[in-house]
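Hi everyone, thanks for coming. Let's look at a structure together, and I'll talk you through it piece by piece.

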Amino acid sequence: MTGQTDALAGPLSAGERVLLVDPKERRYLVTLHPGAFFHTHSGIVAHDDVIGRPEGSTIGASTGRRFVVLRPTLADVVLKMPRGAQVIYPKDLGAILIAADIGPGMRVLEAGVGSGALSMALLRAGADVVGYEVRADFAAGARANVSAWAGPDATYRVEERDVYQGIEERDLDRVVLDLPEPWRALGPASEAMRPGGILLAYLPSITQVASLRAAMASRSFGMAETFEVLRRTWHVEERSVRPDHRMVAHTGFITTARLLVAIPEPEL
């Protein structure tokens with residue numbers, strides 16, 4: 001994969017995105033352009049002062065305040081990139097990759113691509129991703145965000161299609177759903193997936209999960225599991241060691257199941 005993910009070493013260059021971190025650890029995602037300036041209440045940073053510097057450098061702003069400049073992680077990009085739909089939080093993205101057992105070369109259908117955050121995580125894991133999205137504006141936004149991060153050569157395409165109406169692909173290894181009614185996609189998914197493949201759904205409400213699990217039980221999906229991820233950071237400073245006052249608690253439920261071979265009806 002080319003693009004942002006390959007720029008792991010060497011000096012910072014024009015055209016790449018960097019993360020500027022101010023003295024209060026506020027983070028700003030900036031694309032470097034010769035002659036340009038980044039304006040913030042903490043001061044103005046000249047892009048030319050950043051271009052050519054090694055990652056991890058400290059850059060002075062017009063106010064004398066100092067910014068640390070780094071290449072952004074995937075989590076930084078997900079939280080700072082333009083979006084029209086609510087993104088899946090990084091804490092859930094990592095769990096999704098493990099729960100769905102995403103790996104290099106796997107053929108993955110993602111339905112409900114939103115702003116492309118999950119697409120980026122799937123691509124980072126090495127999967128070949130096809131996205132279905134009914135909203136043209138979301139599809140365009142996901143393409144733009146993924147291209148800016150992964151480059152034009154990523155094995156990624158988005159089709160403006162309704163997964164409830166069917167899936168064109170066959171022998172898929174994984175189907176990942178970020179949709180309000182994923183139980184409606186179980187039929188198309190069971191026809192498109194290979195036996196043993198994993199279906200994963202991300203849902204905000206436990207009532208939606210209950211409907212999905214009931215529908216799975218009536219189809220050839222087994223070994224179903226549902227969980228959520230709660231992330232709590234800690235304040236660690238000299239003798240003050242305690243949990244932070246705020247935490248990212250519930251964001252969504254993750255449900256997985258395996259596609260099994262249907263047991264044939266006994267002959268009478």
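Let me begin with a question: which residue in strand 15 does Phe-221 stand opposite? While you look for it, please keep in mind that this is a predicted model. Found it? The residue opposite Phe-221 is Leu-259, in strand 15. Strand 12 and strand 15 pair in the antiparallel sense, over 5 bridges.

Now let's zoom out to the sheet around that pair. It is an open sheet of 7 strands, in the order 9-8-7-10-11-15-12, and its pairing is mixed. Strand 9 and strand 12 stand at the edges with a single partner strand each, so each of them has one side left without a neighbour in the sheet. On average, neighbouring strands here are turned by 15° against each other, if we ignore direction. Helix 7 packs on this sheet, where it touches strand 11, strand 12 and strand 15, and its direction makes about 5° with that of strand 15.

Let's stay with that helix for a moment. Helix 7 runs over residues 206-217, and there is a nice little check we can do on it. Its 12 residues, at 1.5 Å a residue, should span 16 Å, and the end C-alpha atoms are indeed 16 Å apart, so the two agree. Which residues of helix 7 are buried? They are Gln-208, Val-209, Leu-212, Ala-215 and Met-216. These residues cover an arc of only 130° around the axis, which means they sit on the same side of helix 7. On the face turned away from that buried side you'll find Thr-207 and Ala-217, which are exposed. As for what the buried residues pack against, that is helix 6 (186-192), strand 11 (193-203), strand 12 (221-227) and strand 15 (253-259).

Next, the nonpolar cores. In soluble globular proteins, nonpolar side chains tend to be buried together. Here the largest nonpolar core has 37 residues, and Ile-102 and Tyr-156 are those with the most contacts inside it. Among the elements that each supply at least two residues of this core are helix 2 (74-80), helix 3 (90-99) and helix 5 (136-150). The largest share, 6 residues, comes from helix 4. If we leave aside neighbours within four places in sequence, Tyr-156 is in contact with Val-113, Ser-119, Leu-123, Val-129, Ala-142 and Val-146. Apart from this core lies another one, of 27 residues, and Leu-109, Met-193, Ala-215 and Ala-257 are among them.

Let's visit one loop as well. Asp-101 is in the loop between helix 3 and strand 7 (107-111). Asp-101 has a relative accessible area of 45%, so it counts as partly exposed. How far apart in space are Asp-101 and Asp-173? They are 72 residues apart in sequence, and 9.8 Å apart in space, C-alpha to C-alpha. Setting aside neighbours within four places in sequence, Asp-101 is in contact with Ile-96, Met-106, Arg-174 and Ile-198.

Last stop: another open sheet, this one with 4 strands in the order 2-1-6-5 and antiparallel pairing. Strand 2 (27-31) and strand 5 (58-60) are at its edges, each with a single partner strand, so one side of each has no neighbour in the sheet. Neighbouring strands of this sheet are turned by 35° against each other on average, direction ignored. Strand 1 (residues 17-21) pairs with strand 6 (residues 66-70) in the antiparallel sense over 3 bridges. Leu-19 has Leu-70 in strand 6 as its bridge partner.

Thanks for listening, everyone!

Key:
Residues numbered from 1 in each chain as written. Predicted model: local features only at pLDDT ≥ 70, side-chain atom pairs only at ≥ 80, totals over all residues. Heavy atoms only, no water. Expected span 1.5 Å × (residues − 1). Buried < 20%, exposed > 50% of the residue type's maximum accessible area, 1.4 Å probe, protein only. Arc of directions from axis to C-beta. Contact = heavy atoms within 4.5 Å. Core = buried A, V, L, I, M, F, W, Y, C linked by side-chain atoms within 4.5 Å. Pairing = 2+ DSSP bridges. Axes fitted to C-alpha atoms, helices over the stretch in contact; angles between N-to-C directions.
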